[in-house]
Each structure stands twice: as structure tokens, then as C-alpha cells.
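Please take me through this model in the viewer, one selection at a time. Say what to select next and what is there.

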Amino acid sequence: MSRARADEEEYWHSSKFRAFTFDDEDDELSQLKESKRAVNSLRDIVDDDDDDLERVSWSGEPVGSISWSIKETASSSTSSLEGRDSSLQKGSSSYAGFPKQVSSYSLSSLFKGEAPHTQCGQMTLSDTGVKNYAPELRRPKAEYKDYSSDWSPKDTVRRMQRGKICSLERFRSLQDKLVLLDEAVAGHDGNVITAVLIFLKRTLRREILFRELEVRQVALCHLIHFLKETGEQKLLLDLLRFLDRTEEVALSQYREHLNIQDVEKRREFLKGCIGLPFSAEDTSHIQDHYTLLERQIIIEANDRHLETAGQSEIFRKYPRKASILNMPLVTTLFYSCFYHYTEAEGTFSSPTNLKKTFKIPDKQYVLTALAARAKLRAWDDVDALFTTKNWLGYTKKKAPIGFHRVVEILQRNNAPVQVLQEYVRLVEDVETRLNLATKYKCHDVVIETYKDLKDRIQLTAYKCKVERGSAEEEKINSILNNMVRNAY
């Protein structure tokens with residue numbers, strides 16, 4: 001106990017720091033000397049091995065200098081006392097227990113936006129947002145206006161074109177807002193024009209906005225397109241009514257049927273659209289749309305009953321893959337030619353009834369009916385589709401779509417060679433006929449065409465393309481022999 005007490009007395013009486021006196025040595029030089037001695041004593045405690053590494057503080061002075069030590073000691077006295085108290089409470093017995101820390105305050109890390117890291121889990125500069133402001137130290141003074149609100153309409157538009165964030169709330173008067181809009185239009189940037197229009201739409205009454213846009217057609221077109229894209233139907237209709245564009249109002253209302261899922265409600269809605277102020281041509285289309293949907297509802301109900309009851313052979317053999325409701329006219333015609341081709345004209349599902357009701361052109365009707373009947377491999381129906389009679393009773397084949405297209409459709413539906421050859425022969429252009437016959441291996445058509453052209457060279461060359469000993473080879477030999485006899 002006596003030894004411990006002696007050590008304690010020696011510690012308190014051997015302090016290197018001088019006590020407070022009123023002597024004249026308490027001048028500025030003596031303070032600097034005392035600070036230097038304090039720094040040296042701290043170095044002994046911390047045992048810093050990196051003394052040769054020059055580190056720079058926020059003020060630009062080397063870390064470890066006397067002036068830096070004084071400033072740092074004065075600014076961090078409170079935090080160091082709190083840290084010391086907490087360490088004592090945790091039971092630390094000596095300064096040697098502190099972890100070695102290396103200062104990370106440097107100008108290079110500061111201007112790169114890097115925050116110093118600590119080893120004690122404390123808040124770093126990145127947590128306090130200092131990182132976001134450090135790069136601003138090099139920003140020129142002219143850029144400080146970025147954070148102000150004194151930009152003119154022209155400067156605001158230019159900044160928006162460069163992708164800068166600008167607040168438009170400072171433009172409060174109607175005149176300033178209109179000047180801003182005119183500058184945006186003059187800049188020919190659609191995104192800026194749309195952004196300004198959204199601001200005006202939010203801050204102006206509709207009557208004032210519509211009145212000013214009426215004399216600014218470019219901005220008006222942008223707003224109309226924007227309202228259509230965003231689906232603001234009510235505001236769009238109000239704008240079109242203000243502009244007295246009755247037909248556009250009607251078309252906008254007609255588009256609403258796309259959002260109606262229930263088929264009965266859609267039919268009633270279309271019935272109400274017939275009385276809207278459309279043009280004569282558009283009124284006809286709306287009427288046809290309503291009639292078609294009404295016809296589809298009837299056909300769908302009947303066919304669903306037949307398919308469920310199993311009373312129709314074609315529905316048993318070819319089950320329906322989808323409903324006919326809300327399908328286009330051409331799809332409805334194909335469906336009718338596929339399932340109801342032989343029905344009388346008086347029924348709603350008859351193809352001829354659809355053709356007559358909706359004034360379908362002959363080319364469209366023949367093309368659709370051919371695709372449907374060829375898919376069913378109903379070759380007799382295909383033949384009857386192109387057979388016509390004249391007033392003398394003679395029959396001939398005629399195709400309003402051209403027989404070369406008939407051949408292509410038949411081939412896509414895997415028609416037999418005999419059927420293909422019959423329609424390839426009906427192609428009038430010789431070169432097209434030979435190309436189709438060669439492509440689809442209609443040998444008889446190729447041989448007969450070369451015979452009519454009396455082309456022995458092509459016949460001899462084509463002989464190599466048919467099988468040896470086949471009927472086609474014998475036919476070519478017979479034709480070549482007759483040509484030789486007729487030559488002598």
C-alpha cells in the first residue's frame with residue numbers, strides 16, 4: 001500500500017505541465033511552446049509510425065503542425081472529453097488500449113467527394129450529406145444562381161432543354177406563364193413544351209387555358225396529344241367542345257367503347273353513338289359496327305348451343321377455338337365460310353348474307369372463302385367458287401384475285417397435285433405459269449407448255465428432272481419424237 005501511495009504522489013508531483021501563474025512568461029510565445037510540448041507528449045502516447053507522411057487538414061496546413069494542433073484541440077475539446085469519459089466508464093486502464101487511427105482528412109479525398117472512414121462505427125461525412133456539398137467548392141460563382149429563382153423564362157427553357165431541374169412556381173402572373181409557353185414553343189423541344197403545358201393546366205382555369213391555346217396551335221396540338229395519351233377524356237372533350245370540333249368530340253366519345261367489356265353494354269353504347277355528329281362516311285362505319293356486333297351476338301348464341309348439344313358434325317370435327325364476339329368483319333366472314341358456308345342467304349350467319357349486308361367486295365369475299373374452304377379441303381366448293389356460266393349456258397373458270405394467288409393459297413393448304421395443276425394451267429402469263437409449275441412440281445403443265453412453245457431444248461433439259469421410267473419421261477420422249485418426224 002505504501003508503495004502504491006508513493007507512486008501516486010510521484011505521478012502528481014512529476015507533471016510536465018506548468019501551473020497557472022501571473023508571471024510575464026504568459027505571452028504568445030510561451031503558449032506556442034506549451035502547445036508544442038503537448039503535441040509531442042500526445043505523439044508519445046499514440047506512437048504514430050507515419051510521421052513522414054504529410055497529411056493536410058481542411059485549412060490546408062499539414063496535420064501535426066503547431067497551429068493545426070491548437071485549432072484542432074480547441075474545436076474537439078468537448079468531443080474528446082466525452083470520448084475519454086465513455087472510455088473510462090468502460091473500464092479502459094491505459095492509453096495503450098486505444099486503437100491506432102490514421103487521419104483521412106485530405107484535399108484529394110475532399111474534392112473527390114470521399115468521406116473519411118472511422119473505426120469506431122461513428123457517423124461519417126457521407127451520412128451527414130457533406131459529400132454532396134464538397135464538390136461545390138470548385139463551382140464558379142456564376143453557377144451559384146442554379147439555386148436561385150431569378151431565372152427569366154428564356155433562361156428557364158434553356159436550362160430545361162439541358163436537363164436541369166427548374167421550379168416553375170415562381171411564374172405566377174398570366175403574362176409570365178404565357179411568355180414561358182412561347183419560349184418553350186420557340187425552343188422546338190416537345191418535352192419542354194409538354195412540361196410547361198402540365199404546369200399551366202395545373203395553375204390556370206380551363207377557360208383561360210383554352211382561350212390562350214386557341215391562338216397557339218403548336219401548343220394546342222401538344223396538349224391534345226398529351227390528353228389522349230394520358231386518357232384524360234373529360235378535359236379533352238371540354239377542350240374540343242370549346243374549339244367547336246364536333247367531329248373530334250364524337251370520335252373521342254366513340255373510342256370509349258374500347259373500355260367497355262360487357263358485350264351488351266357495348267352494343268347499347270354503339271347504338272347511342274349513331275346519333276353523334278359524325279361525317280356521312282363515319283356515320284356509315286358506326287352503323288356497320290353496331291350491326292356487326294348485333295349479328296355476332298346472335299351467331300355466338302346459336303353456335304354455342306349447337307356446340308354444347310353436339311348436334312352439328314362440323315362443330316364436333318372442328319371445335320371452335322375462340323368466340324366470334326368483337327371480331328373484325330373479315331374474321332367474321334371467314335368464320336361464317338368455315339362453319340356456315342352452305343346456309344341460305346336469309347340467315348344471319350350466311351356468308352352471302354354478310355357479303356350483301358356489309359357490301360364486301362368480290363375480291364375480298366373470294367379470297368376469304370377460298371382460304372376457309374381450302375382449310376377444310378373442300379375442293380368441290382373451291383371449284384364451284386370459280387365456275388361461272390354465261391347466257392348461253394357455257395361454263396368457265398374466272399378468278400377476280402388472279403389464278404396465281406389461287407395456286408399459292410391452295411399450296412399453303414396442302415392441295416393435291418391434280419388440284420394444283422388444274423389451276424396452274426389457268427394462269428395466263430406463260431413465264432409465271434412455268435415458274436409455278438416448276439416450283440410445285442406440276443410436270444404435266446411444264447411439258448405441255450414447252451410443247452406449245454415447240455422448245456426442244458427445254459424439253460430435253462427438263463427430261464433430266466423427272467424420274468426415269470416415269471409417265472412424264474415417256475410423254476417427253478413421245479413429244480420429242482413427233483417433233484423430229486414433223487421436221488422431216
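The tour starts with the whole chain and then goes through selected helices, loops and residues.

**The whole chain**

Keep in mind throughout that this is a predicted model. Select the protein chain and colour it by secondary structure: 27 helices and two strands will appear. The chain has 488 residues, of which 31% count as buried. A surface drawn over the protein chain covers about 32900 Å² of exposed area, and 52% of that area comes from carbon and sulfur atoms. If you draw the contacts with a separation of 6 or more, 47% of them join residues 24 or more positions apart.

**Helix 8 and its cover**

Select residues 153–161, which form helix 8. Show the side chains of Pro153, Thr156, Val157, Arg159 and Met160, the buried residues of this helix. Now look down the axis of helix 8: these buried residues line one face, because they fall within an arc of 160°. As background, an α-helix has 3.6 residues a turn, so residues three or four places apart point the same way.

To see what the buried residues of helix 8 pack against, add helix 9 (174–186) and helix 10 (190–203). Before leaving, select Gly163, just after helix 8, where phi is positive at about 85°.

**Helices 11 and 12**

Next, select residues 206–214 for helix 11 and residues 217–230 for helix 12. Two packed helices are described by the angle between their axes and the distance between the axes. Here the angle is about 125° and the axes are 7 Å apart, which means that helix 11 is oblique to helix 12.

Which residues make the contact? On helix 11, show Leu209, Leu213 and Glu214; on helix 12, show Gln217, Ala219, Leu220 and Leu223. Coloured by type, the residues of this contact divide into five nonpolar, one polar and one charged.

**Asp244 and helix 14**

Move on to Asp244, in the loop between helix 13 and helix 14. Phi of Asp244 is near 60°, a positive value in a residue other than glycine. Is Asp244 buried or exposed? Asp244 counts as exposed, because its relative accessibility is 60% and the cut-off for exposed is over 50%.

Then select residues 246–254, helix 14, and show its buried residues Val249, Ala250, Ser252 and Tyr254. The cover over these buried residues includes helix 13 (233–242), helix 15 (263–273) and helix 16 (280–309).

**Lys356**

Select helix 19, residues 351–357, and pick out Lys356 within it. Lys356 counts as exposed, because its relative accessibility is 61%. Add Glu345, 11 residues apart from Lys356 along the chain, and draw the distance between the two C-alpha atoms: 9.1 Å.

**Arg377**

The next selection is Arg377, in the loop between helix 20 (362–375) and helix 21 (379–386). Phi of Arg377 is near 60°, again a positive value in a residue other than glycine. The relative accessible area of Arg377 is 43%, so this residue is partly exposed.

**Ala471**

Finish with helix 27, residues 471–487, and select Ala471 in it. Ala471 counts as exposed, because its relative accessibility is 56%. For the last distance, add Asp444: the C-alpha atoms of Ala471 and Asp444 are separated by 9.7 Å, with their positions 27 residues apart along the chain.

Conventions. Residues numbered from 1 in each chain as written. Predicted model: local features only at pLDDT ≥ 70, side-chain atom pairs only at ≥ 80, totals over all residues. Heavy atoms only, no water. Axes fitted to C-alpha atoms, helices over the stretch in contact; angles between N-to-C directions. Helix = DSSP H or I, 4+ residues; strand = E, 2+ residues; numbered from the N terminus. Parallel < 35°, antiparallel > 145°, perpendicular 65-115°, else oblique. Contact = heavy atoms within 4.5 Å. Nonpolar A, V, L, I, M, F, W, Y, C, P; charged D, E, K, R; others polar. Buried < 20%, exposed > 50% of the residue type's maximum accessible area, 1.4 Å probe, protein only. Areas by Shrake-Rupley, 256 points an atom, 1.4 Å probe, with all protein chains shown as cover. Arc of directions from axis to C-beta.
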